[in-house]
Amino acid sequence: MNIIKINNVQPLNNDFRQRTNEDIVQNDLNFDVNVSDECPICHFGIDMSNDKWINFHDISSKTQEKFNIISVHCCPHCHNGFVVIHHIKVNENVCIEKSQSVYPATAPNLQIDEDIRQISPEFYEIYNQCLIAKKNNLNHIYGMGFRKALEKLVKDYSIYSHREDEKWIRTNRKATLHKCIEKYFKDSDAKTALMACKWIGNNETHYENCNTDEDLELFEGLIEDVLYYIHREIRNKKAESINDMKGTKQL
Ligand SMILES: [Zn+2]
């Protein structure tokens, strides 16, 4: 985070706008705000020190102790718009940013293999939402979300690796997460991690939740291990197909 000065911040409140013309010099409306040097959507590094965005404030009275500065940005890399709301506290005529919110809310730069994103786009979406919840301290929510994300990942990958079972996995009630782990990951070194994920995840949804903060940290780490396993399997399949092709040519 860097601190920058923004100028000519426009009032959102029309009444205040009219009064501003009477008794406040417009150039007084300069504020120091905190900015991050990357786009919250594509995480590309962007120069936030320029003044290419538009800033508003919601001050309606000169005596109020808190207000917001709403900055509307457009990322020059992904061309998506985003909004940063700087929550400002006034202390003896000095304006200090206490916190900020960014919309759309996004997770930290989520590095998920492109092949896995293609195989299970819903896993990617749910997992991303979990990390947003975690970032916002929604600690009763994201553990349950991890459980849901895990089920999507396991089932989508099982369909990808066993096409012949797609209908059974999608429609049969007996195709539970447990059963899919047992059936499609039985010989893999990811099975231990997956089973532990299942137990921790199930706990998160129960009335009596005996998981600790450490268990939730472990849960996230185990999901990363499973992702690495699937990534390795996909890459291995690609390697096998190249070997098969080259073998045929030599014959
Ligand atoms: Zn961007």
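A donor here is an N, O or S atom within 2.8 Å of the metal. With that in hand, let's walk through this structure, keeping in mind that it is a predicted model.

Start at the metal. Going along the sequence, the residues that donate to the zinc ion follow the pattern C-x2-C-x32-C-x2-C. They are Cys39, Cys42, Cys75 and Cys78, each using its SG atom, at 2.3 Å. Look at the angles between the four donor atoms around the zinc ion: they run from 106 to 114 degrees, which makes the arrangement tetrahedral. How do two of these cysteines sit with respect to the surface, buried or exposed? Cysteine 39 is buried, at a relative accessible area of 0%, while cysteine 42 is partly exposed, at 27%.

Next, a couple of histidines with unusual backbone settings. Histidine 43 sits in the loop between strand S3 (31-35) and strand S4 (54-57), and its phi is near 65 degrees, a positive value in a residue that isn't glycine. Histidine 79 also has a positive phi, about 65 degrees, without being a glycine; you'll find it in the loop between strand S5 (66-74) and strand S6 (81-91). Their surroundings are another matter: histidine 43 is buried, with a relative accessible area of 16%, whereas histidine 79 is exposed, at 58%.

While we're on the backbone, have a look at the peptide bond from tyrosine 103 to proline 104. That bond is cis, with omega near 0 degrees. Proline 104 belongs to the loop between strand S7 (94-103) and helix H2 (114-119).

Now for the helices. In helix H6, which covers residues 177-184, Leu177, Cys180, Ile181 and Tyr184 are buried. These residues span an arc of only 100 degrees around the axis, which puts them on the same side of H6. That spacing makes sense, because an α-helix has 3.6 residues a turn, so residues three or four places apart point the same way. What do the buried residues of H6 pack against? Their partners are helix H4 (142-161), helix H5 (166-171) and helix H7 (191-205).

Helix H4 also holds arginine 147. For a charged residue you might check the surface, but arginine 147 is buried, with a relative accessible area of 16%. Its side chain makes a polar contact of 2.8 Å with the side chain of glutamate 151. Leaving aside residues up to four places away in sequence, arginine 147 touches Leu177, Lys198, Gly201, Asn202 and Phe219.

Finally, the aromatic rings. The whole structure has eight aromatic pairs. In one of them, tyrosine 127 and phenylalanine 146 have ring centres 5.5 Å apart and planes at 40 degrees, so the pair is tilted. Tyrosine 127 comes from helix H3 (residues 121-135) and phenylalanine 146 from helix H4, so the pair ties together parts 19 residues apart in sequence. Tyrosine 127 is buried at 3% relative accessibility, and phenylalanine 146 is buried at 0%. Another tilted pair is tyrosine 157 with tyrosine 160: the centres are 5.8 Å apart and the planes at 35 degrees. Those two are three residues apart in helix H4, which means about one helical turn separates them. Tyrosine 157 is buried, at 5%, but tyrosine 160 is partly exposed, at 26%. To round off, ring pairs link Phe123, Tyr127, Tyr142, Phe146 and Phe219 into a cluster.

Definitions and conventions. Residues are numbered from 1 along each chain as its sequence is written. This is a predicted model: local features need pLDDT of at least 70, side-chain atom pairs count only at pLDDT 80 or more; totals for chains, interfaces and linings use all residues. Side-chain values use heavy atoms; hydrogens and water are left out. Donors are N, O and S atoms within 2.8 Å of the metal (3.2 Å for Na, K and Ca); water is not among the atoms, so sites may look incomplete. Four donors count as tetrahedral if all angles lie between 85 and 135 degrees; four count as square planar and six as octahedral if opposite donors are over 155 degrees apart and all others between 65 and 115; anything else is irregular. Buried means under 20% relative accessible area, exposed over 50%, partly exposed in between (1.4 Å probe, protein chains only). Helices (H or I, at least four residues) and strands (E, at least two) are DSSP runs, numbered from the N terminus. The arc is that of the directions from the helix axis to the C-beta atoms. Contact means heavy atoms within 4.5 Å. A polar contact is a pair of N or O atoms within 3.5 Å; within protein, one must be able to donate a hydrogen and the other to accept it, and residues adjacent in sequence count only if both atoms are side-chain atoms. Rings of Phe, Tyr and Trp (its six-membered ring) pair if their centres lie within 6.5 Å; planes under 30 degrees apart count as stacked, over 60 as edge-to-face and the rest as tilted.
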